[in-house]
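Colleague: Please take a close look at the site around the second ligand in this model. Then place that site among the other hollow spaces.

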Amino acid sequence: MTLSKKLVLILGDQLDINSAALRDFDQKVDRVIMIESVQEAQYVWSHKAKIALFLAAMRHFAHTLEKLHYPLTYIKESPFSIVETLRQQILEDRVTHLVCITPGEWRLKQEIALLAQELDLRLEMREDEHFFCSHQEFELWAANRKEFRLEYFYRQMRKTHRILVDEEGNPIGGQWNFDQDNRKPYPKKGPGIIDPPASFEIDCITKEVIDYVEATYQDHPGSLLAFNWPVSRDQALEALAYFVDYRLRNFGVYQDAMWTDTPFGWHSILSSALNLKLLNPREVIASVLEAWKKYTLDLATVEGFIRQILGWREFVRGMYYLDMPKMAQDNYYEHSRALPNWYWTGETGMSCMRDAIGQTLRYGYAHHIQRLMVTGNFALLAEILPKEVCDWYLAIYVDAIEWVELPNTAGMALFANGGRFTSKPYIASGAYIKRMSNYCNTCKYKPDIRFGETACPITTLYWNFLIKHRAQFEASPRTRLMTANLNKISQEDQDQIVLHAQQLLHNLDQL
Ligand SMILES: Cc1cc2nc3c(=O)[nH]c(=O)nc-3n(C[C@H](O)[C@H](O)[C@H](O)COP(=O)(O)OP(=O)(O)OC[C@H]3O[C@@H](n4cnc5c(N)ncnc54)[C@H](O)[C@@H]3O)c2cc1C
Ligand code: SF4
């Protein structure tokens, strides 16, 4: 039997030593290739911490491969794109058989398939087993559905994978969703003592990467001073253990709460480790279920957390592949304004935006409600072009990879696809931010004032948005209450709101 030489491509977000791509690897004849591409770091104007995290994690993974005696071609700092670098290597080594895991990013999947066609390669794109739901299973679930809603998908996932269900497939605790017990603001006096996130050693590999990024990407946004992301499998496991032991207990109740200088709250901070495949969602869920018993945690917290991983994470991935490439072009409201420059600096008079963006620049992290109801809400109300907003999210968060960033930003935060998988636009006035945070206490604007110099820009733009899209909001029972409240505002005040909103919209950079 003749053995064909395989080249196994491992992408920067596929760092799993148990990957299906390595399953039948023959160390005598096959080879692994990993590529660092400068173009990928510049494709959007990426946060320094995001570039450093990817490079440090890739180099640690390469080190693991070498220790396990995998023949590896590791290309550092290629000036070309991943696919162009791959092409050169394939031609040089006369490769005829390419193996990889299906890339998470749609663009890369198309480009690799095209390359294989062009070079007449045998291409095996293997299923990413890291996820619970394959693309094929999601397509089956989606077939003939008029509405795509997380809740139905999530229930099916719970039943299929027998997670938090009894023998008959009914939900443990008698209901599928315990949201009404979760999502509280912090007490008036503040969040109190929150166990800090796990911290990780900066070893020589990470240190070298940090120095390199600092020197090479000086003008990129963000800082590396607080870099503390898990960059290896061991560190990712440490992060998971630490979360379930110390921080999970208050995850549910405070998952929507915000407070000045409280960047991580009780959140898991596991998204980057999950997205790089340093952690498998199955082991995350297993650890959470174990901690539930060990520490007799609230079911509401455990269910709330599992819904994020088994529900939202899998759901947005399914929707991304179902709707690409259209998802990247959708612009339901035909918004066209430029993203204010202060999204890149945090220099704005709005306390909520300053805090959310400030911590994003420091850590490359903001939690879900900061992303959805602060920066995302503002971008929608301020009528920013979705592409500009999506590029910002893709650049600025360490966990941002298009399959998860785009559906969340374009689909959830911006309603750019007209509500294909959300039942309403997620918009809120300053009153919501006041209720869920302490941001308004130190703000130069007042959340309850609708127009005039001290009016909260988010409040003005919220009412302006409702006035502009009144018919759409009135037509749905989910949003009718919002227009009912609008109808309580006098016509004269509504006119003032529209006038003030126009001034704001024409001077977004000055806010
Ligand atoms: C506009 C916008 C953009 C976002 N961009 C990204 C992104 O680029 N990458 C990313 O991983 N998440 C993204 N999210 C989802 C979510 O905000 C982050 O997963 C979460 O804040 C990461 O922090 P954490 O690990 O502490 O999460 P936790 O709050 O502790 O949640 C646990 C885990 O659940 C998963 N999860 C939770 N919510 C979602 C969701 N809506 N979609 C997918 N997975 C979810 C994540 O893996 C997360 O680690 C985005 C959300 C919004 C509203
Ligand atoms: S007043 Fe408005 S802009 Fe200021 S922190 Fe509150 S919600 Fe944000």
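**The shell around ligand 2**

Modeller: By class, the shell around ligand 2 counts 9 nonpolar and 2 polar residues, with no charged residues. This is a predicted model, so read every value as computed from it. The residues around ligand 2 are M350, S351, C352, G430, I433, Y439, C440, C443, Y445, P447 and C456. Cysteines recur in that list: C352, C440, C443 and C456 are among them. Two elements, α12 and α16, each give two or more residues to this shell.

Where does ligand 2 sit? Ligand 2 occupies the second largest cavity. That cavity holds about 90 Å³ of space. Its lining has 14 residues, and S351, C352, C440, C443 and C456 are the closest to its centre. Each of those five also belongs to the residues around ligand 2. Three elements give two or more residues to this lining: α12 (351-363), α16 (430-436) and α17 (457-468). By class, the lining of the second largest cavity splits into 11 nonpolar, 2 polar and 1 charged. So much for the ligand's own cavity.

Now the wider setting. The structure holds 4 cavities of 30 Å³ or more. The largest of them has a volume of about 550 Å³. It is lined by 30 residues, and E40, A41, K50, F54 and I82 lie nearest its centre. Two or more lining residues come from each of β2 (31-37), α1 (38-42), α2 (48-67) and α4 (106-118). Helix α2 gives the most, with 5 residues. The lining of the largest cavity divides into 18 nonpolar, 4 polar and 8 charged residues. Which domains does the largest cavity lie between? Domain 1 (6-126) and domain 3 (341-510) both give residues to its lining, so the largest cavity lies between these two domains.

Open pockets come next. The second largest pocket has a volume of about 530 Å³. Its lining has 27 residues, and L15, D16, I17, F61 and R233 lie nearest its centre. Helices α2 and α8 (233-247) are the elements that give two or more residues to this lining. Here too α2 gives the most, this time with 6 residues. The classes in the pocket lining come out at 9 nonpolar, 9 polar and 9 charged. Domain 1 (6-126) and domain 2 (135-323) both contribute residues to the lining, so the second largest pocket lies between those two. Helix α2 therefore appears in the lining of the largest cavity and in that of the second largest pocket, while domain 1 helps to line the largest cavity and the second largest pocket.

Back towards the elements of the ligand site. Helix α16 has a charged pair in the loop before it. Side chains of opposite charge can pair when their charged atoms come close. D323 forms a salt bridge with R420, with the closest N and O atoms 2.5 Å apart. D323 lies in helix α11 (residues 299-323), and R420 lies in the loop between α15 (402-413) and α16, so the pair ties together parts that are 97 residues apart in sequence. In total, the model counts 32 salt bridges.

Helix α12 has a feature in the loop before it as well. A cis peptide bond joins M324 and P325, with omega of about 5°. P325 is placed in the loop between α11 and α12.

One backbone detail remains, back at α2. H69 is not a glycine, yet H69 has a positive phi of about 65°. H69 lies in the loop between α2 and β3 (72-78).

To return to your site: ligand 2 sits in the second largest cavity, and its shell has no charged residues.

How values were computed: Residues numbered from 1 in each chain as written. Chains lettered and ligands numbered in written order. Predicted model: local features only at pLDDT ≥ 70, side-chain atom pairs only at ≥ 80, totals over all residues. Heavy atoms only, no water. 1 Å grid on protein atoms, 1.4 Å probe; cavity = no way out; pocket = protein on both sides within 12 Å on 5 of 7 lines; lining within 4 Å. Points joined across faces, edges and corners; volume = space filled by probe spheres on them. Helix = DSSP H or I, 4+ residues; strand = E, 2+ residues; numbered from the N terminus. Nonpolar A, V, L, I, M, F, W, Y, C, P; charged D, E, K, R; others polar. Domains from an automatic or database assignment. Near = heavy atom within 4 Å. Sits in = over half its atoms within 2 Å of the grid points. Salt bridge = Lys/Arg side-chain N within 4 Å of Asp/Glu carboxyl O.
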